[in-house]
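Reader: Hi! Could you walk me through this one? I'd like to hear about the contacts between chains and then about what goes on inside one chain.

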Number of protein chains: 6
Amino acid sequence: MTTTVGPQYDIDSPDNLARRRHGQAVLSRIDGHQGEAVIDSLADMNPALGHHIAAFGFGDIYDRPGLDPRSRQLVTLGALIALGGCEPQLKVHIGAALNVGISREEITEAILHAACYCGFPRAVNATFAAREVFTERDAPPAN
Amino acid sequence: MTTTVGPQYDIDSPDNLARRRHGQAVLSRIDGHQGEAVIDSLADMNPALGHHIAAFGFGDIYDRPGLDPRSRQLVTLGALIALGGCEPQLKVHIGAALNVGISREEITEAILHAACYCGFPRAVNATFAAREVFTERDAPPAN
Amino acid sequence: MTTTVGPQYDIDSPDNLARRRHGQAVLSRIDGHQGEAVIDSLADMNPALGHHIAAFGFGDIYDRPGLDPRSRQLVTLGALIALGGCEPQLKVHIGAALNVGISREEITEAILHAACYCGFPRAVNATFAAREVFTERDAPPAN
Amino acid sequence: MTTTVGPQYDIDSPDNLARRRHGQAVLSRIDGHQGEAVIDSLADMNPALGHHIAAFGFGDIYDRPGLDPRSRQLVTLGALIALGGCEPQLKVHIGAALNVGISREEITEAILHAACYCGFPRAVNATFAAREVFTERDAPPAN
Amino acid sequence: MTTTVGPQYDIDSPDNLARRRHGQAVLSRIDGHQGEAVIDSLADMNPALGHHIAAFGFGDIYDRPGLDPRSRQLVTLGALIALGGCEPQLKVHIGAALNVGISREEITEAILHAACYCGFPRAVNATFAAREVFTERDAPPAN
Amino acid sequence: MTTTVGPQYDIDSPDNLARRRHGQAVLSRIDGHQGEAVIDSLADMNPALGHHIAAFGFGDIYDRPGLDPRSRQLVTLGALIALGGCEPQLKVHIGAALNVGISREEITEAILHAACYCGFPRAVNATFAAREVFTERDAPPAN
């Protein structure tokens, strides 16, 4: 029942390691290799950022039962399209949207819908990001 | 079969009037009196803006069959939370989210979820907007 | 006099086709081949987005007589510089600004002016976008 | 011919005082009492910010001959509408737009136009800001 | 040594309660009653958001030894001024800046400095937020 | 004692030349060759923008004694991370942060800290910008 071993900021304490591993499992379930790649890409430069994206973003938040993955990805699409300048993250989350069962047609429709709220330029950029994701999915696997 | 009577920008041409009426019907279906109130509030100052929010935003876009209303409202919530500074519109769309069957718990969960992508301050502001909407809904009707 | 054939969302209905063709004509008048290229680039992925940029953005809005093209492009420059992250769209609209008679000197002055409202970094990015457009215009035509 | 008396940051050096006075004259020419009120409202808290808005923003930039005041206000409207959350500044600049000869109809048209680039919510907020300005102008002067 | 009792999303599990209490202690050290008031204000509507602002934002991040509180508040000021539309949060963090030893003069100077990166309107809004905080601090305590 | 020779907008007047030279000296002190490169890169396209970044941004503002360079760079980091879409400017200012004595660890910690206020995607982009700067610094000098 007892708990925090070491200071809370120690991302490699047993508690935090368990939290991160749980978050990484959630992330992998949704994003597959792409999600892991994001965390790995931060490991040398900003490991705490990678830890918290996994432990907090996916373990603490994404895995909460109050909203299903499909709904979460729709909120995420709306937020990332509106923010702009987040095309790499948008690509990861368009992939995640596909993974949780949102169709390509729904994704492009969501982008069109978002245009009413954040304007055409952001929607055009999001469409190009979606094209890159769809094209990658259509490519025959390298071997 | 032929069509456009008068120039396309004439928002009161028969064609555009039909488009606007259709959009207003969609808007009323989703937002009830609140949506009409937005369009009405623009009628004196910028009637063309009101026309296009109805005719384009709701008639042309929202009513498209490619994405269900629940999904549209989730994308809208993500976009408006991330944009910031749109609290009046966010309130209208939190009401619309309730109208299309998104629960209060899902709305607050969507706000928490969005915090990962656009930060805590925007999520706190959105929570206060949601409280106002929920409180209004709980108030006994005036008579 | 009667009108809407088929549901409003059908972008290829006679009415919508007429609206889009009108918008494309407006777009071509302002942007020449560049504007068409934007619509074409969306045709495979998000044809409805391309349709609405043409039919709504250019046919319904841009062509309205209440504001001359020069003034519209100045508003557009201000908006796109401030938004940031829209460099491809900014380039198209810097080209459009030249097409409607705004001089290179006025464009760079508009960018400097916008810096007061949205800061130096966005103005520097806009200057680099403008350089690309001006350089393309100076290049001898391929043949 | 020689110049800078005291360090450049001394906003009350003879040079900077001259620069500020020039900027205030430009600001008053455009904004009348409203512009002065903005600078005055900063005098107790952040006099250097007020100084630089006048000396740099209006004296150095706005007064440059490369772009006429009408064009500058159109760029400013586009930028402030797109930024969002700047309604007080937007109101000042809608007033300035009227002062330099942009009509009420052109202002509301500019807001509608900007909606294509930054979405409807920002355009609705800008319309309400414009209404406040127009209403104040219509009010009979207090005496 | 073992740890997570109950699912990670259970914000009242022993582990998460300990994490939140730690975060609230950090928040109280910096923000005093104001910080607690923010968390309390979320308790009815979005308790998980309040939990994560405390547990993650202050417990996990703010308390990390890699950056001193003064530096953290300067980063926060830059971010909140640039975001815009976060005046309530900006007020809390201007208060926190004072609490960690940043002087009033440094805060207004930071706002002036930020104007170069995000423009004058955001800096003017931030100055007004700072005035409200300073005025509240100058008011004699109610009794 | 007297002053402004020529109109204030003449960026090559003796006064403005002195102001710009002073600003360039401040910029070079902080940014070394990188800062000069930014001004130089604007010289052909928008020399007045380059002038004002130097004369106003660095000469008038950065050199003010009210905030030390370390603090200024922390505010700048917060603002640029939050704005997004300013990666080139962020890279210059991460370099400047190193130059004024902010450690690599403090920079990545500042990025993690900013994530609470503007979300993870902007923090991830900033981390990649920081990696590029750190890598360039680690490269053996070309000769």
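Author: Happy to; we can start with how the chains meet and then turn to chain A on its own. Please keep in mind that this is a predicted model.

Reader: Great. How many residues does each side bring to the contact of chain A and chain B?

Author: Chain A brings 31 residues and chain B brings 31 residues. Between them the two chains bury about 2700 Å², and carbon and sulfur atoms account for 71% of that area.

Reader: Which three residues of chain A bury the most against chain B?

Author: Those are A:Glu109, A:His113 and A:Tyr117. They supply 24% of the area that chain A buries against chain B, more than any other three residues.

Reader: Why quote the area at all, by the way?

Author: Because the accessible area lost when parts come together is often used to give the size of an interface.

Reader: Makes sense. How many salt bridges are there between chain A and chain B?

Author: The count is six salt bridges. One of the salt bridges joins A:Asp68 to B:Arg70, with the closest N and O atoms 3.5 Å apart. As for polar contacts, there are 10 residue pairs between chain A and chain B, with both residues at pLDDT 80 or more.

Reader: And which helices of chain A supply at least two residues to that side?

Author: α3 (47-62), α4 (69-83) and α6 (104-118) of chain A each do so. The largest share comes from α4(A), with 11 residues.

Reader: What about the residue classes on that side of chain A?

Author: The side of chain A that touches chain B has 18 nonpolar, seven polar and six charged residues.

Reader: OK, new topic. What does chain F do with chain B, in residues and area?

Author: Seven residues of chain F are in contact with seven residues of chain B. The area buried there is about 420 Å², and 62% of it is given by carbon and sulfur atoms. On the chain F side, F:Cys116, F:Tyr117 and F:Pro121 lose the most area to chain B, together 62% of what that side buries.

Reader: How many salt bridges does chain F make with chain B?

Author: Zero salt bridges are found across the interface of chain F and chain B. There are two residue pairs in polar contact, both residues at pLDDT 80 or more.

Reader: Which parts of chain F are involved, and of what class are the residues?

Author: α6 (104-118) and α7 (120-138) of chain F each supply at least two residues, and α6(F) gives the most, with four residues. By class, the side of chain F that touches chain B has six nonpolar residues, one polar residue and no charged ones.

Reader: Let's go inside chain A. What does UniProt say about residues 47-132?

Author: An unreviewed UniProt entry places the feature "domain: Carboxymuconolactone decarboxylase-like" at residues 47-132 of chain A. In the model that span is 84% helix and 0% strand, and its end C-alpha atoms lie 28 Å apart.

Reader: And how does the domain assignment divide chain A?

Author: The assignment gives domain 1 (12-64) and domain 2 (66-138). Taken over C-alpha atoms, the centres of domain 1 and domain 2 of chain A are separated by 21 Å.

Reader: How much area do those two domains bury between them?

Author: Domain 1 and domain 2 of chain A bury about 760 Å², with 49% of it on carbon and sulfur atoms. In domain 1 of chain A, the residues that lose the most area to domain 2 are A:Ile30, A:Asp31 and A:Tyr62, together 56% of what that side buries.

Reader: Salt bridges or polar contacts between those domains, how many of each?

Author: The interface of domain 1 and domain 2 of chain A has zero salt bridges. It has six residue pairs in polar contact, both residues at pLDDT 80 or more.

Reader: Last one: how many salt bridges are there over all chains?

Author: A search of the whole structure finds 72. Among them is the pair of A:Glu106 and A:Arg70, whose closest N and O atoms are 2.9 Å apart. That pair links distant parts of the chain, with A:Glu106 in helix α6 and A:Arg70 in helix α4 of chain A, 36 residues apart.

Technical notes
Residues numbered from 1 in each chain as written. Chains lettered and ligands numbered in written order. Predicted model: local features only at pLDDT ≥ 70, side-chain atom pairs only at ≥ 80, totals over all residues. Heavy atoms only, no water. Contact = heavy atoms within 4.5 Å. Buried area = accessible area lost by both parts, 1.4 Å probe. Salt bridge = Lys/Arg side-chain N within 4 Å of Asp/Glu carboxyl O. Polar contact = N/O pair within 3.5 Å; in protein donor to acceptor, adjacent residues only side chain to side chain. Nonpolar A, V, L, I, M, F, W, Y, C, P; charged D, E, K, R; others polar. UniProt positions renumbered as here; feature names shortened; annotations may be inferred. Domains from an automatic or database assignment.
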